[in-house]
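Hi,

Here is the structure I promised to pass on. Have a look at it first, and then read on for what turned up.

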Amino acid sequence: MMLAGELALVRVDVAIVERRANQDLAGSRAGGLHSRTIEVLDQRGIADRFLSQGKVMQVAGFAMNPLDISDFPTRHNYGLALWQEGIERILAAWVDELAVPIYREREVTGFAQEDTGVDVELSDGRSLRAKYLVGCDGGRSLIRKKAGIDFPGWDPTTSFLIAEVEMAEEAEWGLRRDEKGMRSLSKMEDGKRVRVLLEQPVRQGDEPTLSDLREALIAVYGTDFGVRNPIWLSRFTDMARQAASYRNRRVLLAGDAAHVHAPADGQGLNIGVQDAVNLGWKLAQVLKGTSPESLLDSYHAERRPIGARVLRLTRAQTALGRGEDRTEALRETMTELLRMDEPRKRYAAMMSGLDVHYDPGEGHPLLGRRMPDLDLVTAAGPLRVFSLLHEARPVLLNLGEPGNLDITPWADRIQQIDVRYAGTWELPVLGAVTAPTAMLIRPWRS
């Protein structure tokens, strides 16, 4: 949906194929948004829609260590607790406003690509013709498989049974970690249901049943607490895999189709949204003929290293979550380290997405990094940087003498504005940087 919204903003014809009938979801799924994702939504003028429905709080963490970003130089120095169903409903309403067609209760069953486009086969027997096809169809992505893109990585070493249920008896609340693995019982927001997390030996393929849950509870707690009325039962593992390439000619991948990992500290949904927006403006430039097709290669070049880092961080957190004594010593050491200011800032910037840096070469410290949301002064009055990005168009900020930049050849594609800013330019971790005399902001930088 985020990718579709980006394309629709710049009037690119786009459609979504969705196997679900609506945004209803069984279970809570992903639990919120990190700071950089909120910034991205703010750049499109829709952050307030999410902030009004969730709870602003510190959500960044590493290996069960909370990481406070309230002192970071960003307008959104926090995260947002909001369950995935709420996030999806807001995004669905946005793409509906942008008149994006959604082919619901259908799946892609196959496709054939050639030099000028892709013919996409749907489960209802229909077909669609597109210039490009983007697989956002999850870790088991049919589109990735049909495109022949390898998915190398690490097999699972542990499995988790998760559930949302009712319990007739008072439970042993809280998180525990010992030789039986990690486990957690916590009351949900309605005060009636319980969220269950139980680590188990690796099990894949079959969907868990209420009987499986009862047996697992008895094995670690000695009782099943009278568990009943499951709303949601599922499993996940610490499998970590990443697509060898994010592109095969006219087929591209985003989100879980490009990378899967343990759901540690809410990285999956956030990195998927950020993949989509990085790809969106590039696809639009190519489709409009303003950039060569080779621009799409930069999507893989920029986003695959970000995905690889997330896989590394989630694998490290899985290892630190093990219940053995030696791991406990390592975990305590990591906790001590993250209480120090510099390590806390470095890891908090990684987990919140605020330190993302692409490498276009040598130059100013801001080159390849996120643009701060500065409060600028213009001849027409004050404005925020992010307010200039609502239309997903590039912006050239002239901080030098007014009128000293000539962008005549690109005037139809780039907004130029003369501005002043009196404060310090500051980035998370890096700190203060020298103010440039001009700044070209891509439609999205992160």
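Let me start with a charge over a ring: Arg144 lies over the face of Phe151, 3.5 Å from the ring centre. There is another case like that at Trp154, where the charged end of Arg315 sits over the ring, 3.7 Å from its centre. Before you go further, keep in mind that this is a predicted model.

Next, the aromatic pairs. The structure holds five of them. One is Phe160 with Phe236: the ring centres are 5.0 Å apart and the planes are at 15°, under the 30 degrees cut-off, so this pair counts as stacked. It links distant parts of the chain, with Phe160 in strand E13 (residues 159-167), Phe236 in strand E17 (residues 227-237), and the two positions 76 residues apart in sequence. As for burial, Phe160 is buried at a relative accessible area of 10%, whereas Phe236, at 22%, counts as partly exposed because buried means under 20%.

Tyr246 and Tyr299 make up another aromatic pair, this one tilted, at 5.7 Å centre to centre and 55° between the planes. Tyr246 is in the loop between strand E18 (240-242) and strand E19 (247-248), and Tyr299 is in helix H8 (residues 297-320), so the pair ties together parts that are 53 residues apart in sequence. Both Tyr246 and Tyr299 are buried.

Now for the cores. In soluble globular proteins, nonpolar side chains tend to be buried together. Here the largest nonpolar core has 62 residues, and Met2, Phe50, Leu279 and Leu283 are the ones with the most contacts inside it. Helix H7 (residues 267-287) gives this core its largest share, eight residues. If you want a place to zoom in, try Leu283: leaving out residues up to four places away in sequence, Leu283 touches Leu7, Tyr132, Val134, Leu252 and Leu296. There is also a second, separate core of 18 residues, with Val165, Met167, Leu185 and Val220 among them.

One last residue to click on is Val108, which is found in strand E8 (residues 108-114). Is Val108 buried or exposed? Its relative accessible area is 17%, so Val108 is buried. Beyond its neighbours within four places in sequence, Val108 is in contact with Val17, Val120, Glu121, Leu122, Leu142 and Ile143. For a sense of scale, Val108 and Asp418 are 310 residues apart in sequence and 47 Å apart in space, C-alpha to C-alpha.

Over to you!

Cheers

Key: Residues numbered from 1 in each chain as written. Predicted model: local features only at pLDDT ≥ 70, side-chain atom pairs only at ≥ 80, totals over all residues. Heavy atoms only, no water. Helix = DSSP H or I, 4+ residues; strand = E, 2+ residues; numbered from the N terminus. Buried < 20%, exposed > 50% of the residue type's maximum accessible area, 1.4 Å probe, protein only. Contact = heavy atoms within 4.5 Å. Phe/Tyr/Trp six-rings, centres within 6.5 Å; stacked < 30°, edge-to-face > 60°. Lys NZ or Arg CZ within 6 Å of the ring centre and 35° of its normal. Core = buried A, V, L, I, M, F, W, Y, C linked by side-chain atoms within 4.5 Å.
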